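Subject: Structure handover

Hello,

Please find the sequence and the structure below. My notes on what turned up follow after them.

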Amino acid sequence: MTDLAEARDVDPGKYLQGLGQRRMAIASPCEDTVTMAADAATRALQGFDIDPAEIGTLIVGTETGVDHSKPVAVYVHELLGLDQRCRTFETKHACYGAMAGLTASMDWIGSGRARGRKALVIASDIARYGLKTAGEPTQGAGAVAMVIAEDPRLLAIDPQRIGDYTRQVMDFWRPLYSKYAFADGHYSIQCYLDALAGARVDAVGEEAELLAGLGACLYHVPFVKMAFKAHQRHLEMEYGGPLSKDHTEAWRMLTDSYQRLAAPWLGLNAEIGNIYTGSLFLALIDLLRQAAEGLAGREISLFSYGSGCGATYCIGRIGDRAAHWREALDPAEQLAARRRLSIEEYEGLIGDTEQADTVERLDPARYGLDGGLYYVGTRDHRRQYSRG
Ligand SMILES: CC(C)(COP(=O)(O)OP(=O)(O)OC[C@H]1O[C@@H](n2cnc3c(N)ncnc32)[C@H](O)[C@@H]1OP(=O)(O)O)[C@@H](O)C(=O)NCCC(=O)NCCS
């Protein structure tokens, strides 16, 4: 972030403190929504000893599809070797697709149609706003895979306390002809906060006083500071009015509450940047890897927001034995394997990515990659994937 700020002639304090970011992940042209989703799902199935034959629904939530028609999910279905008797589709609603997939999976299980099988929901996205735009420091790339089961080990969401919100707004969108998102950034923050209030009321009613009893509050995190703004709105709903810095006592209550319930779980978001539909679940991973033991049996709130806009607020309970899976969850090793890019390299990668969908052959080695699953070009209008 400091390198980027200096290159853009911006005070680094704006990105570091103003937005709360430390680094951001950049995908090479050989990494796309399919490869990231398949990697995340492989780790989830292996790390939690889940037989792929148990998966009866596969949903990939993404803003960054690779085809106007063919879903990312069907590529992933083949790469994971899932059963053909599996319902497979992609969900799109900006950063909200994975939460839509998660609640749809709960409905599928609750209806009895799952017949004992599990759902695999993957959030996979590459946030691209373009060079030298206001959104540039809020980019990122990554995927989170979740297995939804009748008897969850990590988090049990309460179906009686899920609230939804929808409103047609132009706060962020990406026309069919653009690889880069357009955003009315400050308006999107307002839309997010209104959606939080609306979805929370739908989930628990106007009068609920939840915060005193919750062990954590997780939010959609397009940039870390957004979680503070969200927590402020969350608290204001229970406090009964605006909280401002002018009221020292009330402001201290807000900052204490934020430090206890939201801030500790934003480390991965600060390191990786915005991964759109997975960003809420990145915060959940951060919580589980650090505090699953201390928060075992405790309730937490989760809020997912997708521009355009759609949102869900819900309450879940951390599993009693969730800490047992801490290591399988922790992406520390993958983060340590990242390579720091110079600004020239970063801008070069962005340029190469613009051409990647039409290039016949891409060589992962050119980007220092080997030994993984990569996108290697488009031949005869068909995307090609290869395992090195
Ligand atoms: C988030 C976004 C709107 C910020 O845009 P911006 O106009 O360039 O940035 P701002 O001028 O608002 O500054 C951002 C913050 O840094 C602070 N800041 C600015 N300079 C600073 C400095 N030198 N030191 C510390 N903080 C600084 C600002 O006060 C502001 O904080 P605040 O929001 O608490 O007031 C922009 O990055 C964007 O459009 N992102 C994509 C859309 C998005 O993420 N939307 C979120 C909802 S989904």
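Starting with the ligand: α6 gives the most to the shell around it, with five residues. That shell holds 21 residues, and the closest to the ligand are Gly13, Lys14, Gly18, Gly185 and Pro222. Three helices, α2 (12-18), α6 and α7, each supply at least two residues of the shell. Sorted by class, the shell around the ligand has nine nonpolar, nine polar and three charged residues. Bear in mind throughout that this is a predicted model.

Helix pair α6 and α7

Besides lining the ligand, with at least two shell residues each, α6 and α7 pack against one another. Helix α6 covers residues 185-204 and helix α7 covers residues 224-239; their axes come within 10 Å and cross at roughly 40 degrees. The two helices are therefore oblique to each other, since the parallel class takes angles under 35 degrees. The crossing of α6 and α7 is right-handed. On the α6 side the contact consists of Ile189, Tyr192, Leu193, Leu196, Ala197 and Arg200, and these meet Met226, Lys229, Ala230, Arg233, His234 and Met237 in α7. The residues of this contact divide into eight nonpolar, one polar and three charged.

Helix pair α7 and α8

Helix α7 also meets helix α8 (residues 248-261), where the axes come within 10 Å and cross at roughly 120 degrees. This crossing of α7 with α8 is right-handed. From α7 the contact takes Phe228, His231, Gln232 and Leu235, and from α8 it takes Leu254, Ser257, Tyr258 and Leu261. By class there are five nonpolar, three polar and no charged residues in the contact of α7 with α8.

Helix pair α3 and α4

The axes of α3 and α4 come within 9 Å and cross at roughly 45 degrees, and the two helices are therefore oblique to each other. Again the crossing, here of α3 with α4, is right-handed. Thr33, Val34, Ala37, Ala38, Ala41 and Thr42 of α3 meet Val72, Tyr75, Val76, Leu79 and Leu80 of α4. This contact of α3 with α4 divides into nine nonpolar, two polar and no charged residues.

What is buried in α4? In this helix (residues 72-80), Val72, Ala73, Tyr75, Val76, His77 and Leu80 are buried. The cover over the buried residues of α4 includes α3 (33-47) together with the strands β1 (55-61), β2 (87-91) and β3 (118-127). Just after α4 comes Gly81, which takes a positive phi of about 70 degrees.

Backbone points to check

Most residues other than glycine have a negative phi, and most peptide bonds are trans. The following places depart from that.

- Asp9 has a phi near 60 degrees, a positive value in a residue other than glycine. Asp9 lies in the loop between α1 (2-7) and α2. With 6 other C-beta atoms within 10 Å, Asp9 is exposed, because 12 or fewer such neighbours put a residue in that class.
- His381 has a phi near 65 degrees, also a positive value in a residue other than glycine. The loop between β11 (373-379) and β12 (382-387) is where His381 is found. His381 has 7 C-beta neighbours inside 10 Å and counts as exposed.
- The peptide bond from Gly308 to Cys309 is cis, with omega near 0 degrees. Cys309 has its place in the loop between β9 (299-306) and β10 (310-318).

A long-range pair

Which residue lies 9.8 Å from Ser28, C-alpha to C-alpha, although 320 residues separate the two in sequence? The residue is Gly348. Gly348 sits in helix α13 (residues 343-355). With 13 other C-beta atoms within 10 Å, Gly348 is partly exposed, because the exposed class stops at 12 such neighbours.

If you want an order for looking through the model, the shell around the ligand with its 21 residues leads on to the contact of α6 with α7. From α7 you can go on to α8 through Phe228, His231, Gln232 and Leu235. The pair α3 and α4 can be taken separately, along with the strands β1, β2 and β3 that help cover the buried residues of α4. The backbone points at Asp9, His381 and the cis peptide bond from Gly308 to Cys309 can be left to the end.

Regards

Definitions and conventions:
Residues are numbered from 1 along each chain as its sequence is written. This is a predicted model: local features need pLDDT of at least 70, side-chain atom pairs count only at pLDDT 80 or more; totals for chains, interfaces and linings use all residues. Axes are lines fitted to C-alpha atoms, for helices over the stretch in contact, and angles run from 0 to 180 degrees between N-to-C directions. Helices (H or I, at least four residues) and strands (E, at least two) are DSSP runs, numbered from the N terminus. Angles under 35 degrees count as roughly parallel, over 145 as roughly antiparallel, 65 to 115 as roughly perpendicular and the rest as oblique. A crossing is left-handed if the near helix is turned anticlockwise from the far one by less than a right angle, and right-handed if clockwise. Two residues are in contact if their C-beta atoms, placed from the backbone, lie within 7 Å. Ala, Val, Leu, Ile, Met, Phe, Trp, Tyr, Cys and Pro count as nonpolar, Asp, Glu, Lys and Arg as charged, and the others, Gly among them, as polar. A residue is buried if 20 or more other C-beta atoms lie within 10 Å of its own, exposed if 12 or fewer, and partly exposed in between; C-beta atoms are placed from the backbone. A residue is near a molecule or strand if its C-beta atom, placed from the backbone, lies within 6 Å of it.
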